[in-house]
Number of protein chains: 2
Amino acid sequence: MPTYKAPLRDMKFLLNEVFNYPRHYQSLSNGENATPDIVDAILGECARFCEEVLSPLYQSGDEEGCKLENGEVTTPKGYKEAYQQYVTGGWQGLSAPEEVGGQGLPASIGLFKQEMMGTANWSFSMYPGLSLGAMNTIQLHGSEEQIATYLVPLTEGRWGGTMCLTEPQCGTDLGQVRTKAEPQADGSYKVTGTKIFISSGDHDLTENIVHIVLARLPDAPKGTRGISLFIVPKFLPDGNGGVGERNGVSCGSLEKKMGIKASATCVMNFDGATGFLIGPENEGLNCMFTFMNTARIGTAIQGVGPAELSYQWALEYARERRSMRALSGKKDPQHAADALIHHADVRRMLLTQKAVAEGGRAMLYYAARLADHMVAGHLEGDDKKAAAYDDKLGFLTPILKGFLTELGYESANLGMQVFGGHGYIREHGMEQIVRDTRIATLYEGTTGIQALDLLGRKVLLMTQGGAVREFTLKIANFARKQLTDKRMRPFALELLKLTAQWNLLTVRIMLAARKDRDLVSAAANDFLMFSGYVTMAYMWARMAAVAVDKLDNGGNDAAEFYNAKLATAEFYYDRLLPRAQAHATSMLSPTRNLMQLEADHMAFTA
Amino acid sequence: MPTYKAPLRDMKFLLNEVFNYPRHYQSLSNGENATPDIVDAILGECARFCEEVLSPLYQSGDEEGCKLENGEVTTPKGYKEAYQQYVTGGWQGLSAPEEVGGQGLPASIGLFKQEMMGTANWSFSMYPGLSLGAMNTIQLHGSEEQIATYLVPLTEGRWGGTMCLTEPQCGTDLGQVRTKAEPQADGSYKVTGTKIFISSGDHDLTENIVHIVLARLPDAPKGTRGISLFIVPKFLPDGNGGVGERNGVSCGSLEKKMGIKASATCVMNFDGATGFLIGPENEGLNCMFTFMNTARIGTAIQGVGPAELSYQWALEYARERRSMRALSGKKDPQHAADALIHHADVRRMLLTQKAVAEGGRAMLYYAARLADHMVAGHLEGDDKKAAAYDDKLGFLTPILKGFLTELGYESANLGMQVFGGHGYIREHGMEQIVRDTRIATLYEGTTGIQALDLLGRKVLLMTQGGAVREFTLKIANFARKQLTDKRMRPFALELLKLTAQWNLLTVRIMLAARKDRDLVSAAANDFLMFSGYVTMAYMWARMAAVAVDKLDNGGNDAAEFYNAKLATAEFYYDRLLPRAQAHATSMLSPTRNLMQLEADHMAFTA
């Protein structure tokens, strides 16, 4: 069984050489503890935990899945023990404030941890991932009492958390939520309704589970403006940090899914369960969306992780498995056939995975600095700063989540393809990566929703194209500086062309959309993908620039590493980036080709 | 549970209006019985069988899977009864010669049957599909006695068949086959070895199973020139059409797979099993490959089928599920939200599925006429004619198999995407289509192998570009005739541009490959995909031309149907065809970007 090896060399390249995280941390009000030594030690220890504890449970967890018996969910063998190690290691509170029991480190360090955990074992990582969503919500909107009661045990990892949004009749369209919350004399509420697709809704990893629930107060306005947020714990707190009475919330059934089978996806029944209002009445959606950008970047990891994991396993296989001779002549004459890795078409697949894993990681680490500033703003009580960085992050979020999960899925499929027919067999694990990854383009907002969020909301509505102008200006400034170097010049020229094109596309859509409202939805997916390819091109140029500099000035210690970066950048620009032009062409085609066909004429029988 | 509805209207459009099959059948030496009435009746009866018998077993077969107990494989509940109906209906011998008990109809009618069966229930359709492979091999290479003994019960469907090629150490690279066949005094052979990935290797549907096995005679030359072909029956024939003694071949285990779980994929152990040489010694690979083109077109169906099935289910869901409001204003004001089908981005996904299903079907039906002529050549004993049509078919085969299975998989994924999170839940069946379809780009030659076969073998080696010239000439001739019609002109101009480009790309690769052998492997995948997009564009223009003609001259009876064809053609040209240009750009990029990175430098740890 193949296993995960944390790509620490690549991570440190990004942290120390490309994005200068040491200086970044010094600039943060909560960054003083994030010294290079500490960060190094944390990454190393996290890598060990992921490689030795989480990775070995990846396949067994899929085979066994979760079970619901007598109303209680049990996770696969070994998950409870692994989670206990996670708690003991203090991993849940890594980026949480010290005053609630966390280690007070910047948010980005939590993201690096999430990346390694999610790559080693996505299903496992969802349990603490969902807790983090609950923690963020309580931290920002909870009362002092709620923080003391819920946030502290959540930060310890002793309790788990969930986000209960979706109902049978609505997922994306939360204005249709029907769950009710009726006020009680004691200030609490009785919450009644059914929530579906609740990740970590029930499990045996923690002594309590804190559900954050969207529900409607009596006589609340219709639609999204009548939704409030409630804390509904599985067990009511006993007031001393422990648990008391069982609350009226239970797991009705477990969903049978394509993948992430070790993650419990629950139908949750709230049957007059005791809940507590969090945040202002009827502003539940806003409260819920506060950390939406960070949650979505958390999901963007599921684009990078599968590309990395699938690449590691496919690369190993391509080095060992022999089939046919390379077209340019025998490479392994002592064997009956050459290793797969000598075939150009196999390399095309492997390099696509590599370019997506490393390019996607760079996109994550680029965005993580913005998340750090946003969180620092919150901690400093500087709402304006927090909002400003949330906006910057908000532009990148749909690109990261939408584009990276699509390419992560493609990469996982290519990894499977490298294995040939063996990729289809469960024991190799490649098809599991595909099944597990398939969810990433669906939850936390489908790719279509990310595309609309990017083009309709972030680009057109909120900034009238300003978000694109601001980001492309940064790219163009970088590119212009690279024009003088022979090796960088092709990348720089391409970036300059693409940034101009990105702005032009934005303006053309903006003008046309005034008369043709459907155009935004018609163009959104192509716009998202175009944006993604250009953003990743920017990252590859940033990495190439560092590689060139190190090769020229850094001695030859790691020349192979930097040459590999340059070669991968070249591959990306030559063979993946041309797809951006197909999206540009399709994006500008008439809305008519999508809308003219009447719904009743889309299929004819007999 | 959604169910399959055979797209008879679309099938008949292709048969009668686009490709004029009635006239085609009249021109065939074995086509006299294929009158329009007969074909209609067969299609209708087959549709009924697929809709009422096979489709209801689709999901249950996946849930239950196959079982191996006491050395015998059992298929899921209901499969045996369904197969019995299939035998009773005489479906297996539909296109087999009358002298061996078949109905003597042209090969294409068998393909239309396969399409419907494969769309309704791919796993089920593999059992008779593999038998067909065995039948074809015996028909062409078997002795009279072998034909009488094996082909007759196979044609009845009373016996099943397999193709035993792959071994643990080799799939694509069959020169590495190790299974041995030792001659015995009675003229038979003892066959010993292990074969893997044997579809239908064992099951309970038939009273006997006829394995066609690749093996080596003692002292056979190394590599592909030392492989012979053997018939190894599960039970030795009793000489009276029944079965006698159990032979030394058995199923060692069933593979656990991602999908097609109702299809038994077996490890087959041959333990001194009695076998009979079929065809000449050491020419087993050639014999095996005789019907490779038809087998691969059979697999190309797995591109069209999933696109069709997934489209049918996604379309139904998109009409019923409501979420948000359309950007151009309320479409269903009486409801809390508009149906998904009113969102442009959802339509993008649905129309992609539709364009692939209908465009892919057209590609199959186009190729099926060539298959008819090839088979007719064989039946007439006209080897030259058979070979000529096999060559024409041979050019299209990798395009159909490689391109359609890739797009079929994309379409299945889009169907799942239309369902949002619900697509990931097993009960909706969408994720099963994705899992089942994933095998299609892997078996019968991976996409990479199809690409090499197309560019390296069919285009460069065998015809020095002539295959492209011949096919594009046909397309260009058609396109030029369409230039005068305003509605057809955009399609025709694009086709003329693309056919010239296809030739130019071919010439450029041909010249460059003389110095750079790796280029063929480096460019192959992009060349395959480019070829696929252009071929499908040709098909959409052919369909559009018929639609235009019918709209102008055919009255208004079915104007909606023809308008839908035109709208879909427009969608295809505007939104999918631009991808061809991304492939063209990538194809011509330097081989260096794939080959320069040393295998040892593709990953760095620590």
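Between chain A and chain B of this predicted model, 54 residue pairs are in polar contact, counting pairs with both residues at pLDDT 80 or more. Six salt bridges also turn up across that interface. One of them joins Glu570(B) to Arg592(A), with the closest N and O atoms 2.3 Å apart. On the chain A side, helix H18 (residues 559-576) brings in the largest share of the residues touching chain B, namely nine. Sorted by class, that side of chain A has 40 nonpolar, 29 polar and 31 charged residues.

Now for the size of the chain-chain contact. Each partner puts in its part: 100 residues from chain A and 100 residues from chain B. The residues of chain A that lose the most area to chain B are Tyr424(A), Arg575(A) and Met602(A), together 10% of what that side buries. As for the area buried between the two chains, it comes to about 8,900 Å², with carbon and sulfur atoms giving 58%.

How do the two copies relate? A turn of 180 degrees, with a shift of 0.0 Å along the axis, lays chain A on chain B with an RMSD of 0.0 Å. That is the relation of a two-fold axis. Ala582(A) is the residue of chain A that comes closest to the rotation axis, its C-alpha being at 3.0 Å. The copies meet through the same surface, because 100% of the interface residues of chain A are also interface residues in chain B.

Inside chain A, the domain assignment gives domain 1 (8-289), domain 2 (292-445) and domain 3 (451-593). The C-alpha centres of domains 2 and 3 of chain A lie 18 Å apart. Their contact draws 27 residues from domain 2 and 30 residues from domain 3.

Here are the two interfaces next to each other:

| Interface | Buried area | Share from carbon and sulfur | Salt bridges |
|---|---|---|---|
| Chain A and chain B | about 8,900 Å² | 58% | six |
| Domain 2 and domain 3 of chain A | about 2,200 Å² | 74% | four |

Which salt bridge links Lys392(A) to a partner? Glu470(A) pairs with Lys392(A), and the closest N and O atoms are 3.1 Å apart. Six residue pairs are in polar contact between domain 2 and domain 3 of chain A, again with both residues at pLDDT 80 or more. Helices H10 (292-320), H11 (344-379) and H12 (383-418) of chain A each supply at least two residues of the domain 2 side. The largest share, 13 residues, comes from H12(A). That side of domain 2 divides into 13 nonpolar, six polar and eight charged residues.

How values were computed:
Residues numbered from 1 in each chain as written. Chains lettered and ligands numbered in written order. Predicted model: local features only at pLDDT ≥ 70, side-chain atom pairs only at ≥ 80, totals over all residues. Heavy atoms only, no water. Least-squares fit on C-alpha atoms with pLDDT ≥ 70 in both. Contact = heavy atoms within 4.5 Å. Buried area = accessible area lost by both parts, 1.4 Å probe. Salt bridge = Lys/Arg side-chain N within 4 Å of Asp/Glu carboxyl O. Polar contact = N/O pair within 3.5 Å; in protein donor to acceptor, adjacent residues only side chain to side chain. Helix = DSSP H or I, 4+ residues; strand = E, 2+ residues; numbered from the N terminus. Nonpolar A, V, L, I, M, F, W, Y, C, P; charged D, E, K, R; others polar. Domains from an automatic or database assignment.
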